[in-house]
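The following exchange concerns charged side chains and their surroundings. Please consult the sequence and the model while reading.

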Amino acid sequence: SCKGPVSDAALFCDSCSAIQPPGQADHFTRFGQPVSFDLDPAALEAAYFDLQRKLHPDRFATRSGREKALSQSQAVAVNEAYETLSDPLRRAAYLLSLNGRTADVDRDSTISDPELLLESMEAREAETVEEVVGLSRETNGKIRSCEQELAAAFTAGDLDQAGALTTKLKYLGKLAGETRARRLKLAGRG
């Protein structure tokens with residue numbers, strides 16, 4: 001409003017307190033978090049709710065159409081950033097993209113890890129709920145381990161390893177979904 005200088009990460013103008021467009025701040029900066037795979041989920045959630053409280057369109061209901069629109073676009077940017085950072089797979093892909101790498105987590109691609117392929121076949125062929133529960137526990141443990149390896153790879157700056165682990169995490173997540181579906185199918189049958 002006042003045409004004063006405002007940083008990309010600023011939500012409001014320091015001079016006139018007018019709401020600003022979302023700007024080009026990365027998701028980590030938007031939440032005041034370090035650019036790292038290893039985030040504190042509680043701190044991220046607290047920052048998210050704080051931003052939502054400040055930017056919610058209902059707070060701007062009596063303001064101008066422009067301010068309402070800016071509030072809406074800020075809220076959308078905050079929601080998108082939170083969805084990305086709160087999900088380890090999307091966070092890994094986003095970190096890779098910040099470093100000029102591509103990791104398409106939404107598209108199916110092939111994986112050549114024989115262990116994961118075998119586990120996926122076992123999940124589909126499991127005949128008892130107990131077998132599926134065991135596979136599910138094992139898969140969840142592998143997901144936690146993969147996330148730890150991802151954090152270490154990003155910390156070390158090993159983007160090739162981080163890319164490979166991101167793909168592995170994607171398929172582990174897919175396997176976890178298959179075991180849940182198989183468990184429900186077997187439980188419904190009995």
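The questions below address salt bridges and surface charge in this predicted model.

Q: How many salt bridges does the structure hold?
A: A pair counts when a side-chain nitrogen of Lys or Arg lies within 4 Å of a carboxyl oxygen of Asp or Glu. Among the pairs that meet this criterion is Lys-142 with Glu-138, at 3.6 Å. The total for the structure is five.

Q: In which helix do Arg-53 and Asp-50 both lie?
A: The side chains of these two residues, Arg-53 and Asp-50, form a salt bridge with an N to O distance of 2.5 Å. Along the chain they are three residues apart, or about one turn of the helix. The helix that contains both Arg-53 and Asp-50 spans residues 41-55 and is α2.

Q: Is Asp-50 buried, partly exposed or exposed?
A: Buried residues have under 20% relative accessible area and exposed residues over 50%, with partly exposed in between. Its salt-bridge partner Arg-53 has a value of 49% and is therefore partly exposed. Asp-50 has a relative accessibility of 27%, so its class is partly exposed.

Q: Which partner of Arg-63 in a salt bridge counts as buried?
A: Arg-63 itself has a relative accessibility of 37% and is thus partly exposed. Its side chain meets that of Glu-67 in a salt bridge, at 3.5 Å from N to O. At 17%, the relative accessibility of this partner falls under the 20% limit for buried residues. The buried partner is therefore Glu-67.

Q: How many residues apart are Lys-142 and Glu-138?
A: Lys-142 has a relative accessible area of 22% and is partly exposed. Glu-138 is also partly exposed, at 41%. Both residues lie in helix α6, which covers residues 129-156, and their separation is about one turn of the helix. Counted in residues, the separation of Lys-142 and Glu-138 is four.

Q: Which residues are joined into one network by salt bridges that share partners?
A: One bridge, between Arg-53 and Asp-50, has been described above. Through shared partners, salt bridges link three residues into one network: Asp-50, Arg-53 and Lys-54.

Q: Which elements give two or more residues to the negative patch?
A: The patch on the surface consists of Glu-122, Glu-125, Glu-127, Glu-130 and Glu-131. Glu-125 is found in helix α5, and at 56% relative accessibility this residue counts as exposed because its value is over 50%. The elements that contribute two or more residues are α5 (114-125) and α6.

Notes. Residues numbered from 1 in each chain as written. Predicted model: local features only at pLDDT ≥ 70, side-chain atom pairs only at ≥ 80, totals over all residues. Heavy atoms only, no water. Buried < 20%, exposed > 50% of the residue type's maximum accessible area, 1.4 Å probe, protein only. Patch = residues over 30% accessible without salt bridge, like charges linked within 9 Å, V, L, I, M, F, W, Y side chains within 5 Å. Areas by Shrake-Rupley, 256 points an atom, 1.4 Å probe, with all protein chains shown as cover. Lys, Arg positive; Asp, Glu negative; His and termini not counted. Charge placed at Lys NZ, Arg CZ, Asp CG, Glu CD.
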